[in-house]
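Trainee: Could you take me through the sheet in this one, and then the charged pairs around it? I'd like a close look, piece by piece.

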Amino acid sequence: MNPENNLRFSFSGKGGELFVLLIKNLFLTLITLGVYNFWGRVNLQRYFFESTSVAGGRFGWHATGKERFIAFLKASVIFAAIIGVNTLLVKISPYLGIILPIAFLLLLPAIIVAQFRYRLSRTSFNQIRFRFNGKAGDLAAITLKGGLLTIVTLGIYGAWLAADVRKFLYRNTTIGTSSLEYDGKGGDIFVLYLKGILLTIVTFGIYVSWFKAEVANYHTNHTLFQGNRMKGVIDGAEIFVANLLGQMFTFITLGIFIPWWIIRLQRVMIQGV
């Protein structure tokens, strides 16, 4: 792949802007007894999306607080009904209590596909909406096989399962007439995580910043769009310094510095500096 075709992301958010947005969200959430939280979260997501760009194009987030609020109400009713049914089944027989966990596992692929489809339908690039064409049955086949092999291999196959799931999600993600591609490999991911976990333990947690950077860069470097490979440039040292200074100044300023910490960390995670 020609290096000149690498796609790099950039982030233009500012701490002052985020500070004002957070104060506004907090105030309106308090006076509405928490109801505005759904609108506030959408506004935050929109700010981060619109502050992110790649190859001169900018992302957009088109969800609304109203639809998130209604979705929450519907989910609450469904969840309450499920808990009620499960409680009744347990009273009939303790063994029937296993029905709910099994049903959740069986429905998990459909839940993942539905959530992914929703998020992409609300995401745009240069005003063009993303679409997701994946089917829950295809994901179920991947997770069933991968889940069984992960259990048999005591978790080792989880890296290959993660790669297969990511490939499924990416190849079914389209914008316009083009789709994403992912060519990461389970073996690479396994080695990456094994190394990261061991070094994190040996360094008493210090290496976790470099671990996060390596994982993020690997996935980015193995993502392609229209034949162009994404470029991951995150530096673990930058993450470490951003978090160290963020914690220090947040303590000194009694929490006021948090928006600037978030922006700095977001810039590091997106564009590496």
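Mentor: Let's start with β2 and β3: β2 covers residues 52-54, β3 covers residues 57-61, and the two run antiparallel with 2 bridges joining them. One pairing to look up is Ser53, whose bridge partner in β3 is Arg58. Keep in mind that this is a predicted model.

Zoom out from that pair and you get an open sheet of 9 strands, in the order β1-β2-β3-β4-β5-β6-β7-β8-β9, with antiparallel pairing. At the edges sit β1 (9-11) and β9 (228-229), each of which pairs on one side only. Helix α8, residues 208-221, packs on this sheet and touches β7 (178-182), β8 (223-225) and β9. Its direction makes about 35° with that of β8.

Now stay on α8 and move to the charged pairs. Glu214 makes a salt bridge with Lys195, and their closest N and O atoms are 3.1 Å apart. Glu214 is in α8 while Lys195 is in helix α7 (residues 186-202), so this contact ties together parts lying 19 residues apart in sequence. Neither end is hidden away: Glu214 counts as partly exposed at 25% relative accessibility, and Lys195 is partly exposed too, with a relative accessible area of 37%.

The count of salt bridges comes to 4, and two others are worth a look. Take Glu67 and Arg122, whose side chains meet at 2.9 Å, N to O. This one links distant parts of the chain: Glu67 belongs to helix α3 (residues 65-92), Arg122 to the loop between α4 (99-121) and β4 (123-125), and they are 55 residues apart. That loop leads you back to the sheet, as β4 is one of its strands. Glu67 has 22% relative accessibility; the cut-off for buried is under 20%, so Glu67 counts as partly exposed.

Further along the chain, Arg264 forms a salt bridge with Glu238, with 2.9 Å between the closest N and O atoms. Here it's again helix to helix: Arg264 lies in α10 (residues 258-271) and Glu238 in α9 (residues 236-252), so the pair ties together parts 26 residues apart in sequence. Arg264 is partly exposed, with a relative accessible area of 32%, and Glu238 is partly exposed with 24%.

So if you're clicking through it, go from the β2 and β3 bridges to α8 on the sheet, then follow Glu214 across to Lys195.

Methods. Residues numbered from 1 in each chain as written. Predicted model: local features only at pLDDT ≥ 70, side-chain atom pairs only at ≥ 80, totals over all residues. Heavy atoms only, no water. Pairing = 2+ DSSP bridges. Helix = DSSP H or I, 4+ residues; strand = E, 2+ residues; numbered from the N terminus. Contact = heavy atoms within 4.5 Å. Axes fitted to C-alpha atoms, helices over the stretch in contact; angles between N-to-C directions. Buried < 20%, exposed > 50% of the residue type's maximum accessible area, 1.4 Å probe, protein only.
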